[in-house]
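Me: I would like a close look at one part of this structure, namely the shell of residues around the ligand and the helices connected with that shell. Please set out the account as one continuous description.

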Amino acid sequence: MSATSTVLITGCSSGFGLETARFFLNKGWYVVATMRTPREDLLPTSDRLRLLALDVTDPDSIRRCVEEAGPIDALVNNAGVGLLAPLEGIALAHARDIFETNTLGTIAMTQAVLPQFRQRRAGVVVNVTSSVTLKSLPLLSVYTASKAAVNAFTESLALELEPFGVRVRLVLPGRAPSTSFGVNARPRMDVSAHEAYADFTQQVFAAVRDTATPVTYSEDVAQAVWRAVTDPAAPMRISAGADAVALAQA
Ligand SMILES: NC(=O)c1ccc[n+]([C@@H]2O[C@H](COP(=O)([O-])OP(=O)(O)OC[C@H]3O[C@@H](n4cnc5c(N)ncnc54)[C@H](OP(=O)(O)O)[C@@H]3O)[C@@H](O)[C@H]2O)c1
């Protein structure tokens with residue numbers, strides 16, 4: 001990896017993806033920042049920045065994006081959607097949506113870039129999952145399952161790609177109330193509410209809103225992704241954010 005390397009990041013319209021794009025640009029990298037709806041006003045103008053449309057649940061969108069991007073050195077699978085709700089209230093179609101984006105989107109993007117990485121015997125894939133896979137929390141059964149599947153996927157894939165010089169790593173952020181994650185999840189959460197769990201749900205929501213405990217910032221995640229991409233000695237799982245680091249050490 002060098003300052004002339006190129007990273008492709010999914011889900012750059014807000015939060016961790018946007019900050020990670022900014023971080024790599026500041027480090028002198030070429031950045032392909034992908035968004036479902038590309039917006040020119042989010043990142044600084046740079047001849048090292050390209051904005052491409054990408055929906056990770058759409059095979060045609062993935063094919064077009066990877067073709068247009070051309071050779072890349074690193075892929076960051078960051079795009080993801082949340083769902084904090086009791087399982088009884090979650091329509092199976094919504095559970096599928098979570099897996100389509102968080103799990104299959106990551107798998108599909110990885111498949112799309114692997115031929116070029118394998119042929120060049122170089123490249124890094126970084127998958128952003130979550131510290132909730134380290135310590136379970138209520139109302140997150142489907143979301144946690146979608147991210148735990150990515151952990152397992154990544155750790156197995158790393159073994160089969162190692163002989164080809166391709167690295168695969170995980171970044172596990174903690175709770176980050178400052179991103180758009182909660183707002184983006186809200187419509188799915190509202191339709192997944194269940195009367196029998198109303199009191200319990202309110203208690204969990206209050207705990208989630210608590211600002212007294214350590215949280216994760218987008219910059220923590222950008223730094224962890226940077227380490228995963230640029231440090232060949234980086235561990236398989238890198239926690240991002242004070243809360244996630246504390247959890248991993250517990
Ligand atoms: N915030 C947290 O507490 C937290 C904690 C641990 C892990 N994470 C994980 O970190 C990642 C980033 O989350 P964030 O906090 O930065 O949330 P965010 O601000 O909501 O960003 C998520 C990004 O994913 C994009 N996205 C959603 N569906 C997509 C699709 N089908 N195709 C392409 N892009 C899609 C969103 O784009 P649109 O604008 O088009 O919707 C957005 O850019 C996610 O994988 C999330 O699960 C978040």
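Reply: Two residues are taken to be in contact if their C-beta atoms, placed from the backbone, lie within 7 Å. The model is a predicted one.

By that criterion, the contact between α1 and α7 involves G15, F16, E19, T20 and F23 on the α1 side. The α7 side contributes S218, E219, V221, A222, V225 and W226. Sorted by class, this contact holds six nonpolar, three polar and two charged residues. Helix α7 covers residues 218-230, and its axis comes within 8 Å of that of α1, the two crossing at roughly 55°. Because angles from 35 to 65 degrees fall outside the roughly parallel and roughly perpendicular ranges, α1 is oblique to α7. The crossing of these two helices is right-handed.

α1 also belongs to the surroundings of the ligand. The shell there comprises 31 residues, of which G11, G15, A79, G80 and T179 come nearest. The elements that give two or more residues to this shell are α1 (15-26), α3 (92-120) and α5 (181-191). The largest share, three residues, comes from α1. G15 thus appears in two settings: among the residues that come nearest to the ligand, and in the contact of α1 with α7. In terms of class, the shell divides into eleven nonpolar, 17 polar and three charged residues.

α3, another contributor to the shell, packs with α4 and with α2. Helix α4 spans residues 141-161; its axis and that of α3 are 9 Å apart, at an angle of about 15°. The two helices are therefore roughly parallel to each other, and their crossing is right-handed. From α3, the residues A95, I98, F99, N102, T103, T106 and I107 take part in the contact. They meet V142, Y143, S146, K147, A149, V150 and F153 of α4. This contact has nine nonpolar, four polar and one charged residues.

With α2, which runs over residues 59-69, the axis of α3 comes within 10 Å and the crossing is at roughly 35°. Here too the crossing is right-handed. P59, I62 and V66 of α2 make the contact with A108, M109, A112 and V113 of α3. The class count is seven nonpolar, with no polar and no charged residues.

As for annotation, an unreviewed UniProt entry places the feature "domain: Ketoreductase" at residues 5-176. Over residues 5-176 the chain is 42% helix and 18% strand, and the end C-alpha atoms are 29 Å apart.

Conventions. Residues numbered from 1 in each chain as written. Predicted model: local features only at pLDDT ≥ 70, side-chain atom pairs only at ≥ 80, totals over all residues. Near = placed C-beta within 6 Å. Helix = DSSP H or I, 4+ residues; strand = E, 2+ residues; numbered from the N terminus. Nonpolar A, V, L, I, M, F, W, Y, C, P; charged D, E, K, R; others polar. UniProt positions renumbered as here; feature names shortened; annotations may be inferred. Axes fitted to C-alpha atoms, helices over the stretch in contact; angles between N-to-C directions. Parallel < 35°, antiparallel > 145°, perpendicular 65-115°, else oblique. Left-handed = near helix turned anticlockwise from the far one by under 90°.
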